[in-house]
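User: Hi! I'm new to reading protein models and would love to go through one step by step. Could you help me with some questions?

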Amino acid sequence: MPFDIQVTRTREPKPRPPAGDLGFGRFYSDHMFLAEHEGRGWQNPRIVPYGPLPLDPAASALQYAQAMFEGMKAFPGEKGPLLFRPDMHIRRFNASARRLCMPELPEADFLTALRAIVREDASWVPTEPGSALYVRPTMIGTEAYLGVRPSRKYLLCIFTSPVGNYFGPTPTPLRLWVETEHVRAARGGIGLDQNHKYVEEAGTMNVFFRIGDLVVTPPLEDSLLAGVTRDSILALLREWKVKVEERPLSIAEVAEASARGKLAEAFGTGTAATISSIGELQWGEKTMKLGSSRGEVAERLYRTLTELFGSRRPDRRGWLVPVDPS
């Protein structure tokens, strides 16, 4: 059965935010996509004006945190908006749903929903370099039930937000604290694994280090996000014949490389952060400085992705998917 989406347009369109002051997650477009699941598949797919969601106080999303989200971006194209690697984001969303005992959304229907909501608010896609329309699919358990089991009712909501650079309009290399006590995820810590030995992530980002002429990034484990940008960066580096390894990397190895003058650069990658250079790492009493500007590899990656997103570079890999395929 076709995923027939009903559209109710807003009667009160919002004013567009200032182009040079978007920030991240401050503004929201006119519409949102909604659909419900009560055990018989997804029902009533629709686009409605953006607004609050009614939710029972006993809903499992509130009581037991049965909730999840995904994040992706749309960019301007000559013939309409373009979604960046939506297939990977869809698969990651459904993988999260399986982990949380939540219903998946068939990939074709998911792409139809993404295209519909971005098409509806296509005029919200910003055109300034470094900006994009952030797309946030969210699923929550809505059944009012206090027993400890998966919800039997769910709401899928997809809304969009015009955004600029995550770390500001003129981001500088980040100064990061290496956490050695508090945990970030079930198998890891904030930036380190559960043994506080190996690097995992850098806050909101996957993380890469260039030691000499070798780029190293931690391997994907249960506690690491399988980043779409991370996957794209690895593909580009290998295409450029840059030596790259996915392997465990201890913070002690990073510190030793820094002490020997071999730590050339470090950077984080993510849908929101894109490519964000790291200028300093503080590990206990040790300070590792990497410079006040974007490193050579990070700069090339940032420029390549920015040109791709702005349609100034050919999309030879088919990463940009048109909202209107015709």
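User: Which residue stands opposite E36 in β8?

Analyst: Happy to help, and keep in mind that this is a predicted model. Strands β2 and β8 (residues 154-163) pair in the antiparallel sense, over six bridges. Within that pairing, the residue opposite E36 in β8 is L155.

User: β2 also pairs with β3; which residue of β3 stands opposite M32?

Analyst: Strand β3 covers residues 42-49, and its pairing with β2 is antiparallel over six bridges. Find M32 in the model and look across to β3. The residue opposite M32 is V48.

User: How many of the seven residues of β2 are buried?

Analyst: A residue counts as buried when its relative accessible area is under 20%. Strand β2 runs over residues 31-37 and is mostly covered. The number of buried residues in β2 is six.

User: In the hairpin of β2 and β3, which residue takes a positive phi?

Analyst: This hairpin has four residues between the strands. The positive phi there is near 95°. The residue that takes this phi is G39.

User: And in the hairpin of β15 and β16, what is the phi of G284 near?

Analyst: Strand β15 (residues 274-283) and strand β16 (residues 286-289) pair in the antiparallel sense over four bridges. One example of their partners is L281, which bridges to M288 in β16. The hairpin has two residues between the strands. There G284 has a positive phi, near 60°.

User: What kind of aromatic pair do Y28 and Y50 form?

Analyst: By the pairing rule, the count of aromatic pairs in this model comes to eleven. For Y28 and Y50, the distance is 5.5 Å centre to centre, and the angle between the planes is 5°. Planes under 30 degrees apart count as stacked. The pair of Y28 and Y50 is therefore stacked.

User: How many residues apart in sequence are the parts that Y28 and Y50 tie together?

Analyst: Y28 sits in the loop between β1 (6-7) and β2, while Y50 sits in the loop between β3 and α1. Because the two rings come from these two loops, their pair ties together parts whose separation in sequence is 22 residues.

User: Is Y50 buried or partly exposed?

Analyst: The buried class needs a relative accessible area under 20%, and the exposed class needs over 50%. Y50 has a relative accessible area of 31%. Since that value falls between the two cut-offs, Y50 is partly exposed.

User: Why is the pair of Y50 and F159 called edge-to-face?

Analyst: Ring centres have to lie within 6.5 Å for a pair, and planes over 60 degrees apart count as edge-to-face. The centres of Y50 and F159 are 6.0 Å apart, so these rings do pair. The name edge-to-face follows because their planes stand at 70°.

User: How far is R149 from the ring centre of Y145?

Analyst: Here the partner of the ring is a charged residue, as R149 lies over the face of Y145. There is another example in the model, where the charged end of R300 sits over the ring of W240, 3.7 Å from its centre. For R149 and the ring centre of Y145, the distance is 3.8 Å.

User: Is R85 buried or exposed?

Analyst: R85 is found in the loop between β6 (82-84) and α2 (86-99). Its phi is positive, near 45°, and R85 is a residue other than glycine. Most residues other than glycine have a negative phi. The relative accessibility of R85 is 11%, which is under the 20% cut-off, so R85 is buried.

User: Where does K241 lie, and is K241 buried or exposed?

Analyst: The loop between α4 (228-239) and β13 (243-246) holds K241. K241 has a positive phi near 65°. Its relative accessible area is 72%, and because the cut-off is over 50%, K241 is exposed.

User: Which residues form a nonpolar patch on the surface together with Y64?

Analyst: Y64 lies in the loop between α1 (60-63) and β4 (67-69). With a relative accessible area of 38%, Y64 is partly exposed. The patch has about 340 Å² of accessible area together, and the partners of Y64 in this patch are L146 and V148.

Technical notes. Residues are numbered from 1 along each chain as its sequence is written. This is a predicted model: local features need pLDDT of at least 70, side-chain atom pairs count only at pLDDT 80 or more; totals for chains, interfaces and linings use all residues. Side-chain values use heavy atoms; hydrogens and water are left out. Patches are made of residues with over 30% relative accessible area and no salt bridge: like charges are joined within 9 Å, nonpolar side chains (Val, Leu, Ile, Met, Phe, Trp, Tyr) within 5 Å. Accessible areas come from the Shrake-Rupley method with a 1.4 Å probe; for residues, only the protein chains shown count as cover. A salt bridge is a side-chain nitrogen of Lys or Arg within 4 Å of a carboxyl oxygen of Asp or Glu. Buried means under 20% relative accessible area, exposed over 50%, partly exposed in between (1.4 Å probe, protein chains only). Two strands pair if DSSP finds at least two bridges between them. A charge sits over a ring if NZ of Lys or CZ of Arg is within 6 Å of the ring centre and within 35 degrees of the ring normal.
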